[in-house]
Amino acid sequence: MKTLDDLIAEGVAGRTVLVRADLNVPLDAIENGQSRITDDGRIRASVPTLSALRWAGARVVVTAHLGRPKGGPEPRYSLAPVAGRLGELLGTDVVLAAHGDEARAAVGALTDGGVVLLENIRFDPRETSKNEDERAAFARELAGLTGENGAFVSDGFGVVHRKQASVYDVAQDLPAYAGGLVLAEVEVLRRLTETAQRPYAVVLGGSKVSDKLAVIEALLPKVDALLVGGGMCFTFLAAQGYGVGDSLLERDQIDVCRKLLESGKIVLPTDVVVADDFSAEANTRTVAADAIPDGWKGLDIGPESVAAFAEVLGGAATVFWNGPMGVFELAPFAEGTRGVAQAIVDATAKNGAFSVVGGGDSAAAVRALGLPEDGFSHISTGGGASLEYLEGKSLPGIAVLEQ
Ligand code: ADP
Ligand code: MG
């Protein structure tokens, strides 16, 4: 796999380099239709590769997506706020250009070290098309923007598990290199799968158990303990025969969860914070995990569970965490996530544990709850991509760089 360093060593001054970045940040809609970035972690993570190219004199054309537009331009998914923030972080103007004539003109006007950001790449339905020819045609247009001597740098780790035009197909049209972020992420995941030191503890949460069954199955043989919280723990609690009230429950996964529990490695919460409504103003109570009242829903793990999880984490040499322990976005249900995250930070500082956070919402929780980002060994920018890697799947956006 050729890397950013190889490209810079070849010399990029005056060349136009297309970079796929992951700038898919959470936005808050504010009143005048403008959006505000609520967490700029992914933009910051894209800066080192972009700066390295600029300093080497490249003309940089960045592609990225935002949200899930329905295959055409939608103002609320415009990358305009991202272009502004990226410009601040890079210390240069970032020109936002719509695909087509506008992009060709903006790229034509680039000088060495300049940056153009193409408008949300998913405004063109060919980006995510299942039709190979449509995708390939779009990729050729993107590659064509770079003119003679162009190159492609794949640095959007959050999308490397997607077979999409700006991630996968374009890497076949231009000399392709792995960016610094992609390389760093892959190195961490390799360490987690191939050389993880024991004891190895995995913490899983988030909303849907069905999203994470494959990774649970892949990780169980490799880990010593798998701590389960978040919305997904209720399907496991149901598999133990407990009533879960109105909590999230995936009935069709109960049998699978029962099988997984036979491993003896899965640790479930013993107490739960329940609420009579999914809101910050709801009435709440902390109850035993086998005593969730009818009509109430579990929205966080309780303090006894946090203490038990922290005990396991305190003895771990390797920790992988994906998925919040509760609805951390609402203050009454944030303590479980805060407590577990703090326990991981402590294990990292006190025992030198190698700790990795994966998942967009988990990474956002770290920052939203005011935990130190550098308290973890690594915070991954890619949720789905890191889970698929840990499941042992081949990631198309990485495989294409290895060809
Ligand atoms: P990540 O992005 O880190 O992979 P997920 O997307 O799987 O995480 O899940 C994050 C979401 O799970 C959060 O928005 C959070 O509110 C939600 N969640 C966590 N616990 C619960 C719960 N008990 N009930 C409902 N939703 C929950
Ligand atoms: Mg998520």
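Helices (H or I, at least four residues) and strands (E, at least two) are DSSP runs, numbered from the N terminus. This is a predicted model, in which local features need pLDDT of at least 70, side-chain atom pairs count only at pLDDT 80 or more, and totals for chains, interfaces and linings use all residues. Residues are numbered from 1 along each chain as its sequence is written, chains are lettered from A and ligands numbered from 1 in the order in which they are written, and side-chain values use heavy atoms, with hydrogens and water left out.

**Exercise 1. Find the place of Asn 149 and look at its phi.**

Step 1: Go to the loop that runs between α5 (132-144) and β7 (151-154); Asn 149 lies there.
Step 2: Read its phi, which is near 70°, a positive value in a residue other than glycine.
Step 3: Set this beside a general rule: most residues other than glycine have a negative phi, and most peptide bonds are trans.
Step 4: Now try the peptide bond from Arg 198 to Pro 199, which is cis, with omega near -10°. Pro 199 sits in the loop between α6 and β9.

**Exercise 2. Trace the open sheet of 6 strands and the helices that pack on it.**

Step 1: Strands pair if DSSP finds at least two bridges between them. With parallel pairing, the order is β11-β10-β9-β15-β16-β17.
Step 2: Look for the edge strands, β11 (266-267) and β17 (378-379), each of which pairs on one side only.
Step 3: Follow β16 (residues 354-358), which is joined to β17 by 2 bridges. Val 357 has Ile 379 of β17 as its bridge partner.
Step 4: Add helix α12 (residues 360-368), which packs on the sheet and touches β15, β16 and β17 (contact means heavy atoms within 4.5 Å). The direction of α12 makes about 110° with that of β16; axes are lines fitted to C-alpha atoms, for helices over the stretch in contact, and angles run from 0 to 180 degrees between N-to-C directions.
Step 5: Helix α6 (residues 180-194) lies across β9 (200-204), β15 (318-322), β16 and β17, at about 120° to β16.

**Exercise 3. Work out why β13 and β14 each have one side without a neighbour in their sheet.**

Step 1: Read the order of this open sheet of 3 strands, β13-β12-β14, where the pairing is antiparallel.
Step 2: β13 (284-288) and β14 stand at the edges with a single partner strand each, so one side of each has no neighbour in the sheet.
Step 3: From one strand to the next, the twist averages 40°.
Step 4: Between β12 (residues 271-275) and β14 there are 4 bridges, and Val 272 stands opposite Ile 301 in β14.
Step 5: Finish with helix α10 (residues 303-314), which lies across β12, β13 and β14 at about 40° to β14.

**Exercise 4. Describe the surroundings of ligand 1.**

Step 1: Of the 19 residues around ligand 1 (a heavy atom within 4 Å), Lys 212, Gly 298, Glu 329, Asp 361 and Ser 362 come nearest.
Step 2: Check the polar contacts (pairs of N or O atoms within 3.5 Å). An oxygen atom of ligand 1 is 2.5 Å from an N or O atom in the side chain of Ser 362, while a nitrogen atom of ligand 1 lies 3.1 Å from a backbone N or O atom of Gly 298.
Step 3: The largest share of the shell, 3 residues, comes from α12.

Note on methods
A polar contact is a pair of N or O atoms within 3.5 Å; within protein, one must be able to donate a hydrogen and the other to accept it, and residues adjacent in sequence count only if both atoms are side-chain atoms.
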